[in-house]
Amino acid sequence: MAVAFDAILARVKDVCKRNGLLILSVLSVTVGCLLGFFLRTRRLSQQEISYFQFPGELLMRMLKMLILPLVVSSLMSGLAALDAKTSSRLGIITVTYYLWTTFVAVIVGIIMVSIIHPGGAAQKESTEEGGKPIMSSADALLDLIRNMFPANLVEATFKQYRTKSIPIIKSNKASSESTTRRIIIYGVQDENGSNVQNFALDITPPPEVIYKSEPGTSDGMNVLGIVIFSATMGIMLGRMGNSGVPLVSFCQCLNESVMKIVAVAVWYFPFGIVFLIAGKILEMDDPSAIGKKLGFYAITVVCGLVVHGLFILPMMYFFITKKNPIVFIRGILQALLIALATSSSSATLPITFKCLLENNHVDRRIARFVLPVGATINMDGTALYEAVAAIFIAQVNNYELDFGQIITISITATAASIGAAGIPQAGLVTMVIVLTSVGLPTDDITLIIAVDWALDRFRTMINVLGDALAAGIMAHICRKEFIKDGDEVPLICETKPIDIHQIVAYQRNGCVKTMNESRGPETVKGFQHHIPVQVEQEESPVENHTKKSNSKDHCTIEINELETNV
């Protein structure tokens, strides 16, 4: 009995040692939720809430600090290590896979919102007014293309280009003078009904308001432009050969140093997650009122995310790689919890790198390319959310969508999610593109803001899960190309010792074998540090016979740590 107890205790210690950080993160999420709902009963002021959120704010700032060096160094060093054919094939397959999974997520969202029909239970409040500027879908699409090519790389690290619509009141004096004013006279009686008082009401036409588009900026890193520049620079460095090696080495060292910083900073995350989640719960409005108004909408989004993230994506991973997706997902649970706490796929990028390299053993070169690109353009959860929200707003307004409009929503939601930055609540900005594509009122975005902060966390988890599974799938598809690359040092177990019978045969034939001939060029590259030892044999009948046949031939035995060549 004591032996069994000791074995169980040793097993528990081993599990805690290997998954200690993951267990702490799960506990911190639970404690954060409980602490947040408990402190809601204390009626804290806004100032006290901001002080309480300070440790969580530090966590977000630490993660955002690492985004820029990690994205730049990983893309440059990852693409520079690949040849042109491998990088182009990997890029085409990755982008195609991302677009396909995003489109599938949109279809799942449309099916869910059509089955559950959450718009029937929601009520539209007429008192709400949308004070947000109107933005056309054409301007939003052009801004996406402009952000791909930033005019200033330094500015792109903290600002994005965004077109601003400014209302201008058009006053035309000539037309206003010629317009006939309508005067309406009302007669109002007193309570007794004896006296009648007349009131004249002068009605003038309202002024004409036009909207003018002007260039502007918005706060936040232009991740898309930085990714495009870094990927292009990495491809060019790979083609430059030896002249580009110093910059590639610098990027590799920068990438390694950032990952070491992440390994140290990751132990602060459980502490920061508690205050991050509790602070968000303290900022929340009345949960019961929101549940009555938007409960079915939230259930629809969560059901769609569960179907896409726990069934469709793992099934695609299983059918392509023939491996167990549960084991793979278990290795990235730490990244999923950070995504739940921060609601930012870009901020979760360092943790996703760490989980894939250390737990799932994905090829470093593939992870350096697939993950930064995925954090920028792969927004499965955001696309699903935008499709559900657009059809939900149509249901609230009793607006019937035909099949063509649903197809339009699916295409525009896929395109809009690509431009959604990896920052919290970026989907609300790109929602304008989806709504204007089918003529829905953009002011109704205010209906869903109340629950957007919570749903944003769940859709970020699906985005990070999709990025990680894509890295695993790409590592399986492109494994042959990366095995063929000659920059990997061969493993010791791959080298086979030469049999003694081959040595005797070489001696009888009187042949000369050198290091370069007996091994391939790749093996020589990996073992240049070995010094061959030449052993000249004493005279023997075989050697005398060889010398008689050819005086220049002699037998040389080269010995190193692994094999003997003659």
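The buried residues of helix α2 are covered by elements that include α1 (2-18), α3 (46-52), α11 (269-283) and α14 (333-342). The structure described here is a predicted model, and its chain holds 25 helices and 7 strands. Of the 566 residues in this chain, 44% count as buried, and among the contacts between residues at least 6 apart in sequence, 82% join residues that are at least 24 apart.

**Helix α2**

- Helix α2 spans residues 20-40, and its 21 residues reach 30 Å from the first C-alpha to the last, which is close to the 30 Å expected at 1.5 Å a residue.
- The buried residues of α2 are G20, L21, L22, S25, S28, V29, G32, G36 and L39.
- An α-helix has 3.6 residues a turn, so residues three or four places apart point the same way.

**The packing of α16 and α20**

- Helix α16 (residues 364-377) packs with helix α20 (residues 449-477) at an angle of about 145°, the two axes lying 9 Å apart, and the crossing of this pair is right-handed.
- On the α16 side the contact is made by I366, V370, L371, G374 and A375, while α20 contributes D467, A468, A470, A471, M474 and A475.
- Sorted by class, the residues in the contact of α16 with α20 comprise 9 nonpolar, 1 polar and 1 charged.

**Nonpolar cores**

- The largest nonpolar core has 75 residues, and those with the most contacts inside it are Y97, I351, F353, L356 and V370; the largest share of this core, 10 residues, is supplied by α20.
- L356, one of those residues with the most contacts inside the core, touches F328, I332, H361, V362, L371, A468 and A471 when residues up to four places away in sequence are not counted.
- V370 appears both among the residues with the most contacts inside the largest core and among those through which α16 makes contact with α20.
- A second core, separate from the largest one, has 43 residues, including L384, I391, I393 and V438.

**Buried positions within helices**

- P372 is found in helix α16 and is buried, because its relative accessible area of 1% falls under the 20% cut-off.
- Leaving aside neighbours within four places in sequence, P372 is in contact with V71, S74, L75, V227, L349, F353 and A367; of these, F353 is 19 residues from P372 in sequence and 9.5 Å from P372 in space, C-alpha to C-alpha.
- G234 is placed in helix α9 (residues 223-240), and it counts as buried because its relative accessibility is 0%.
- Not counting residues up to four places away in sequence, G234 touches L75, M76, L79 and A80, and the C-alpha atoms of G234 and L82, which are 152 residues apart along the chain, are separated by 9.2 Å.
- L75 is thus listed among the contacts of G234 and also among those of P372.
- H308 is found in helix α12 (residues 287-321), where it counts as buried because its relative accessibility is 1%.
- With its neighbours within four places in sequence left aside, H308 is in contact with T101, V104, A105, L313, P314, D380, L384 and I462; among these, L384 is one of the residues included in the second nonpolar core.

Notes
Residues numbered from 1 in each chain as written. Predicted model: local features only at pLDDT ≥ 70, side-chain atom pairs only at ≥ 80, totals over all residues. Heavy atoms only, no water. Axes fitted to C-alpha atoms, helices over the stretch in contact; angles between N-to-C directions. Helix = DSSP H or I, 4+ residues; strand = E, 2+ residues; numbered from the N terminus. Left-handed = near helix turned anticlockwise from the far one by under 90°. Contact = heavy atoms within 4.5 Å. Nonpolar A, V, L, I, M, F, W, Y, C, P; charged D, E, K, R; others polar. Expected span 1.5 Å × (residues − 1). Buried < 20%, exposed > 50% of the residue type's maximum accessible area, 1.4 Å probe, protein only. Core = buried A, V, L, I, M, F, W, Y, C linked by side-chain atoms within 4.5 Å.
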